[in-house]
Amino acid sequence: MQHSLGWDIWNILQPKELYKGFLQRGIRPNGRKLSEYRKIHLRKGPLVTTVDGSASASIGQTVALVGIQPKVVEWKEINKGPVKSIVGNFCSVQVEFPAICHRDMRSGRTSEEALLVKESLENVLEEILVGDAFCIVADKFYWYLQITAYCISFDGNAMETFLLALYGALLDLKLPVLHPNSSGDRLVIDQSQPKVALLMKKVEDWPWVIPVGIFSDSGSEHYFVLDLSEEEENNVSCIVCVWNNQAGNKVALSKLKFGSLSERILQQVLPLVKAHTEEMIARLQHD
Amino acid sequence: MPREELISPDGLRTDGRRPLEVRKITCRIGILPRADGSCHLEMGNTVVLATVYGPRELSSRQPFSGIIRCEYSMATFASTDRRRRGKKSDRTSVEIASSIKKTFESVLLTDLFPHSRVDVYIQVLQADGGERSAAINAVTIAMVNAGIPMKDLIISCSSGYMENTTVMDLNNVETLVRGPQLTLAIYAHSGKVALAHWESKAAFEIFEHLIAVAKEGCLQILDVIHSNIEKYSLRLIASRDSISRK
């Protein structure tokens with residue numbers, strides 16, 4: 001008598017085989033197509049009293065919350081390092097995956113994922129922020145942004161969720177207008193003027209990252225999957241982050257999980273990536 | 001710094017409330033799908049997120065009844081004054097976590113989940129006074145959402161004494177004054193005290209006043225929380241009906 005085991009048992013015994021069977025039919029176990037994204041939601045300004053810019057973004061069940069607190073610093077005479085970088089001098093990024101986000105993650109230990117996301121966010125900030133925008137009084141007072149990002153719930157694809165939340169928070173950020181007082185050693189908030197947004201490069205030029213999971217089986221067949229959930233992140237053999245902007249003229253790659261990669265696969269992936277980037281930047285501008 | 005008056009001549013507080021009024025409470029239950037129980041609670045401008053995982057397996061050999069583990073942390077952007085740079089073992093956080101743990105140990109039916117543990121994680125997203133109370137209330141709701149058996153609900157409220165008036169549900173400005181303050185947690189149906197956290201010195205009559213006022217505040221909060229839980233449960237039942245009817 002032939003018994004057929006349920007799919008949840010197959011999922012424990014041989015998850016990759018099960019997954020491959022679905023991919024061959026061009027669909028994922030929960031019915032999503034291979035390049036289809038889960039429900040994306042961005043909410044600007046959920047925190048009002050203690051932060052000046054905040055956003056909470058969710059892709060499927062992964063939720064990220066970013067808060068930006070601006071502070072005023074007095075410029076020290078020494079320029080640290082040969083190149084005046086924006087991130088070290090004008091803003092700091094802190095990424096945390098606290099214990100509430102995931103069943104198995106224990107708090108107190110900075111996971112690799114957090115470090116990777118932090119690096120990516122810092123790179124992005126270097127690209128989109130303009131150094132001159134932080135100056136209040138030249139050579140004396142500057143803005144310093146403290147950016148804190150928390151993952152409230154984790155179900156794969158943290159990189160994009162954090163990026164979306166960061167962009168939302170930057171667009172939501174409103175800085176008060178400051179004037180130096182008569183003796184020049186303090187700053188006074190000008191209550192009459194409304195708060196202004198920070199000057200940044202225009203939204204169309206902002207880079208976007210898309211992690212692509214590549215499932216390769218015995219070298220011959222390749223399937224690429226966008227927007228991986230946590231289970232899928234364990235099953236695919238290689239995850240590549242493709243960075244590009246809306247115009248499509250700047251592309252970069254970085255690997256999240258090692259595996260084999262070939263140019264042919266990348267050529268197939270790029271059009272999907274471009275289409276998705278355009279969609280996300282358009283959403284940012286209209287929301 | 002000039003001392004602003006905390007209670008105006010009309011009897012209104014800094015945020016426009018009367019002395020015996022609690023702040024507006026909004027709660028969203030079950031917002032994190034991956035957690036067994038979760039609650040996002042706003043008491044005025046204090047926003048707290050509590051998640052409950054469990055009961056789950058315990059690795060070490062513990063004697064029979066279940067245990068509770070609690071972690072409390074305040075987000076870096078939660079308050080404008082003190083800067084907390086990722087230090088989990090901040091003394092206040094550890095103290096609040098252990099007091100919440102003890103409070104809930106008394107109310108959970110730990111015999112019903114032996115050799116297991118329940119993990120409670122609390123994250124304060126915005127701090128405007130009364131974080132301890134908000135945390136306890138949020139954990140209660142999250143426990144209900146997770147379906148962990150409890151003897152009773154625990155509801156908490158703070159109260160303080162300033163300028164010859166007892167006030168209910170302190171906000172940040174009133175907390176910073178460092179006058180006599182009490183955070184009280186009661187069992188909802190029996191009205192007995194589960195937790196009392198007292199700051200500063202005061203005469204005994206004032207202490208009695210504060211307990212009475214805090215209890216009154218807890219009952220007001222209980223009304224709101226109870227109706228929210230009821231609404232949520234009815235919604236769940238209604239959605240289940242609509243599925244089975246197909």
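Helices, in this tour, are DSSP runs of at least four H or I residues, and strands are E runs of at least two, both numbered from the N terminus. Keep in mind as you click around that this is a predicted model.

**Stop 1: chain A as a whole**

Select chain A and switch on the cartoon. You'll be looking at seven helices and 14 strands. Colour by accessibility if your viewer can do it: of the 287 residues in chain A, 48% count as buried. Contacts here reach a long way along the sequence, too. Among those between residues at least 6 apart, 67% join residues at least 24 apart.

**Stop 2: strand S4 of chain A**

Now pick residues 91-96 of chain A, which make up strand S4. Six of its six residues are buried. Turn the strand to see one side, where Cys91(A), Val93(A) and Val95(A) are buried, then flip to the other, where Ser92(A), Gln94(A) and Glu96(A) are buried as well. So what does S4(A) pair with? Add residues 141-153 of chain A: this is strand S6, and it runs parallel to S4(A), joined by six bridges. To find your place along the pair, click Cys91(A), whose bridge partner in S6(A) is Leu145(A).

**Stop 3: the sheet in chain B**

Hop over to chain B and bring up its five-stranded open sheet, with mixed pairing and the order S1-S2-S3-S5-S4. At the edges sit S1 (25-29) and S4 of chain B, each pairing on one side only. On average, neighbouring strands in this sheet are turned by 15° against each other, direction ignored.

Start from S4(B), residues 67-74, where six of the eight residues are buried. S4(B) pairs with S5(B), residues 116-126, in the parallel sense over eight bridges. A handy landmark is Cys70(B), which stands opposite Val120(B) in S5(B).

Next, show S3(B), residues 46-57. S3(B) runs antiparallel to S5(B), and nine bridges join the two. Here, look for Arg56(B) standing opposite Arg117(B) in S5(B).

Two helices are worth adding to this view. H1(B), residues 91-105, lies across S4 and S5 of chain B, running at about 145° to S4(B). H2(B), residues 131-146, packs on the sheet and touches S1, S2 (37-43), S3, S4 and S5 of chain B. The direction of H2(B) makes about 145° with that of S2(B).

**Stop 4: a pocket with both chains in its lining**

Keep both chains on screen and go to the second largest pocket, with a volume of about 560 Å³. Its lining has 26 residues, and the closest to the centre are Arg43(A), Ser56(A), Val63(A), Arg28(B) and His40(B). Select those five to centre your view. Which elements give two or more residues to this lining? From chain A they are S1 (40-44), S2 (53-59) and S3 (62-74), and from chain B they are S2, S3 and S5. S2(A) gives the most, with three residues.

**Stop 5: Asp169(B)**

Finish by zooming in on Asp169(B), in the loop between S7 (165-168) and H3 (172-176) of chain B. Is Asp169(B) buried or exposed? Its relative accessible area is 1%, so Asp169(B) is buried, the cut-off being under 20%. Show its surroundings and you'll find contacts with residues including Arg13(B), Arg17(B), Met43(B), Cys157(B) and Glu174(B). For one last distance to draw, take the backbone nitrogen of Arg23(B), which lies 2.9 Å from a polar atom of the Asp169(B) side chain.

Conventions: Residues numbered from 1 in each chain as written. Chains lettered and ligands numbered in written order. Predicted model: local features only at pLDDT ≥ 70, side-chain atom pairs only at ≥ 80, totals over all residues. Heavy atoms only, no water. Buried < 20%, exposed > 50% of the residue type's maximum accessible area, 1.4 Å probe, protein only. Polar contact = N/O pair within 3.5 Å; in protein donor to acceptor, adjacent residues only side chain to side chain. Contact = heavy atoms within 4.5 Å. Pairing = 2+ DSSP bridges. Axes fitted to C-alpha atoms, helices over the stretch in contact; angles between N-to-C directions. 1 Å grid on protein atoms, 1.4 Å probe; cavity = no way out; pocket = protein on both sides within 12 Å on 5 of 7 lines; lining within 4 Å. Points joined across faces, edges and corners; volume = space filled by probe spheres on them. Lists of a residue's contacts leave out its neighbours within four places in sequence.
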